[in-house]
Amino acid sequence: MSGPPPAAEVILPLPVARPYTYRIPDGLAAHAVPGARVIVPVRRLRMIGVVAALIAPEPGRDLRDVLATPDAEPALTPELLRLARWIADYYGSPLGLALRALLPGPLWQAARPAGPRETGERVLTLTRGLPSLLERERAFKRSARRRVAYEAVESLGGSAPVRHLVTQLGLSPAVLAGLVTQGLARFEVMVQQRDPFTGLSSPPPPVLTPDQGRVVEAIAATPTDVPVLIHGVTGSGKTLVYLEVMRRLVASGQGAILLVPEIALTPQTVARVRGVFGDQVAVLHSGLSEGERADAWRALRRGERRVAVGPRSAVFAPIPRLGVIVVDEEHEASYKQGTAPRYHARDVARVRAQLEGARLLLGSATPSLETLHLVDEGVVRLLSLPERVGARPLPPVEIVDLRSAPRVAEARGLPWSEALDTAVRDALAQGDQVILLLNRRGFATYLQCPACGDVRECSHCAIALTVHQAPAALRCHYCAHAEPVPTACGVCGHAFQRMRGIGTQQLEHFVARRFPAARIARMDLDTTSTKWAHHRILERVARREVDVLLGTQMIAKGLDFPGVTVVGVVDADTGLHLPDFRAGERTFQLVAQVAGRAGRGPKGGRVFVQTRAPDHHAIQAAREHSVRRFAAVELPLRAAPHPVYPPHTGLARFVVAAVDADVAARAAERVAAWLRRASAERLGDALTVLGPAPCPIPRLKGRWRWHVLVKSAERRAVGRVVRAWGRGPGGGGRGGVIVDRDPVAVL
Ligand code: ADP
Ligand code: ZN
């Protein structure tokens with residue numbers, strides 16, 4: 001036999017189980033190789049697919065031709081193609097969806113592979129600050145609506161796209177124009193979205209401390225195929241260790257990937273990476289346009305840049321000669337993808353590192369129980385940085401029992417203790433900065449009728465609506481539903497409705513009144529929905545233009561501000577009692593991480609954790625900044641005689657959702673029956689099948705939800721059943737059922 005096989009199995013980015021077969025015309029044979037992008041006809045469309053394999057077609061089969069091969073080199077190396085197959089296999093997802101995750105969006109556009117150009121966007125920018133309440137009241141004496149608009153833009157960092165203000169926040173264009181007429185703002189057209197990361201100062205890296213040096217040498221002495229966990233307390237200087245390991249590899253001609261949970265929240269890390277690698281770095285942030293994304297991908301693929309920094313999808317950065325993948329804050333749930341393929345970037349990183357012969361480096365102050373388990377099993381090597389840089393002590397954490405601690409009378413319903421109040425006041429008096437965590441956005445958690453007790457729920461979800469202000473609305477945090485705040489009860493007609501539970505907007509309001517001189521910035525989903533908003537807020541904090549930074553979990557991560565001497569967790573219990581086996585772990589991580597923001601400067605720091613569960617091990621362990629202490633209590637709670645959960649068992653979740661409640665319940669019954677049969681007939685009863693049961697959130701976006709959990713100490717058995725399900729009738733999974741292997745939440 002001579003010459004190349006004449007046909008290609010092509011995978012299209014679609015949820016179908018089988019590849020499509022095309023004939024390769026003579027002229028394209030050199031480029032239509034496994035891993036290459038090809039343009040192929042699909043019915044009357046042209047689509048981009050990836051060649052999975054070359055085959056000899058059955059004789060006499062009538063095949064359509066591959067139309068074009070756009071790249072000089074295959075888009076995917078053999079290793080990345082194998083990684084895609086692993087993802088498809090492990091997560092039970094069609095190979096086409098795994099490939100779609102591997103290559104950035106614009107590379108799938110047959111018509112314009114480089115992606116569209118950004119067009120100009122109209123932006124409203126505030127031109128005058130109104131720092132004092134008095135000025136503010138004077139300026140908006142006649143127009144409360146203008147004030148709402150002004151404050152909305154202000155909380156978005158002083159500048160926001162007009163489209164966002166009008167369509168998302170419901171502000172009227174006339175009111176925005178009014179601000180301009182009044183000389184408080186102006187309209188601008190942003191032609192090019194500037195990458196704010198390029199403007200950051202990039203300090204040269206300091207010299208390693210002896211501890212850091214010891215860890216770097218220990219890593220170098222560890223065989224490449226042994227993953228390493230750096231367990232370093234908050235402020236121990238993990239970033240510099242990553243950078244030194246990466247620097248050595250890049251100096252020897254290899255490439256590196258640094259994964260961060262959310263790029264917008266880690267400008268400081270990005271700046272440090274730029275400081276070391278300069279133009280060698282591609283920062284893969286969500287603000288890139290399609291064209292920029294494609295450009296970054298190509299620069300990496302060609303080896304023009306050898307370091308990629310980004311969130312979970314950066315694990316697929318096409319770096320030749322990959323030397324190391326670093327996963328910073330490896331415990332973060334944001335590494336899990338929420339749509340198919342539901343991969344966990346930390347676990348994908350481990351497999352990719354194996355396939356490429358690269359090193360895997362995980363880092364965290366609060367490692368996941370999964371990773372600690374792998375350490376205990378001898379799979380992952382543990383290296384510790386037990387002290388902060390400069391021998392700074394970890395801040396003492398004071399637990400404030402909200403059931404008994406004296407509260408500030410003026411705070412009324414707000415959980416605001418004397419202890420926290422005094423600490424904040426003292427810090428502000430000394431010109432220090434304060435961080436306040438409240439992991440609930442909005443103004444109030446829900447609206448309740450004091451007469452009949454009715455709680456206003458979303459009409460599409462089994463979730464109470466959250467009260468928002470500026471602009472006022474009831475909003476559902478799960479779907480886009482919003483409605484006006486009612487003046488009377490929808491059930492009994494009672495005139496006055498009571499707000500219950502506080503959110504960040506109300507906290508901001510309160511803090512502004514309590515400390516009128518303080519400059520406050522709020523950071524939550526509502527203030528950061530526009531491009532670079534996180535960045536603008538954090539920059540202001542870094543320049544010390546902000547005295548109090550308050551917000552949801554996004555302020556708990558990675559921030560390194562030496563001016564912060566007080567951290568307050570206003571209500572540590574917001575997630576503690578969720579019906580999810582990770583509720584305690586998440587609470588521990590959140591509280592310990594935010595506590596770690598305090599005391600990074602010479603003045604030291606203090607932390608106040610307000611809770612109604614002061615004895616809970618999540619709270620107690622956070623007080624000691626000790627994941628080991630947390631794990632010592634938590635791990636036995638996830639083992640018999642309790643219901644067994646990861647890391648002691650493999651877990652997959654099957655979720656059924658349907659508009660009709662009975663349809664959902666019956667479909668879930670069938671899923672459970674199928675799983676039980678599969679376990680008995682094919683897997684020697686290796687699986688424990690739980691359910692079906694209604695999900696803890698039983699209705700979302702108009703669909704009723706049921707789930708079935710599958711557990712097995714034999715992880716392979718979970719994999720086999722997930723794969724078998726995906727291959728079932730209909731192929732590529734069955735309509736309406738979501739399969740989530742290694743779920744990070746089961747709500
Ligand atoms: P972690 O990620 O472990 O919480 P960081 O990497 O943010 O810690 O480092 C904490 C602080 O210590 C940062 O301000 C960093 O610039 C500083 N730092 C780290 N290593 C050194 C060093 N070798 N010498 C001086 N300062 C350092
Ligand atoms: Zn809803």
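Reader: A polar contact is a pair of N or O atoms within 3.5 Å; within protein, one must be able to donate a hydrogen and the other to accept it, and residues adjacent in sequence count only if both atoms are side-chain atoms. So how far is an oxygen atom of ligand 1 from an N or O atom in the side chain of threonine 239?

Author: The distance is 2.9 Å for threonine 239, with 2.8 Å for lysine 238 and 3.1 Å for arginine 600. The protein covers 76% of the 570 Å² of accessible area (Shrake-Rupley, 1.4 Å probe) that ligand 1 has on its own. This is a predicted model, in which local features need pLDDT of at least 70, side-chain atom pairs count only at pLDDT 80 or more, and totals for chains, interfaces and linings use all residues. Residues are numbered from 1 along each chain as written, chains are lettered from A and ligands numbered from 1 in written order, and side-chain values use heavy atoms, without hydrogens and water.

Reader: How many residues surround ligand 1?

Author: There are 17, each with a heavy atom within 4 Å of the ligand, and the closest are Val207, Gln212, Gly235, Lys238 and Asp560.

Reader: And which helix gives the most to that shell?

Author: That is helix H8, residues 238-251, with 3 residues (helices are DSSP runs of H or I, at least four residues, numbered from the N terminus).

Reader: Switching to H11, why is it largely enclosed?

Author: Helix H11 is largely enclosed by the rest of the structure because 9 of its 12 residues are buried (under 20% relative accessible area, 1.4 Å probe, protein chains only). Among them are Arg346, Asp347 and Glu356.

Reader: What comes just after H11?

Author: Glycine 357, which takes a positive phi of about 65°.

Conventions: Helices (H or I, at least four residues) and strands (E, at least two) are DSSP runs, numbered from the N terminus. Buried means under 20% relative accessible area, exposed over 50%, partly exposed in between (1.4 Å probe, protein chains only).
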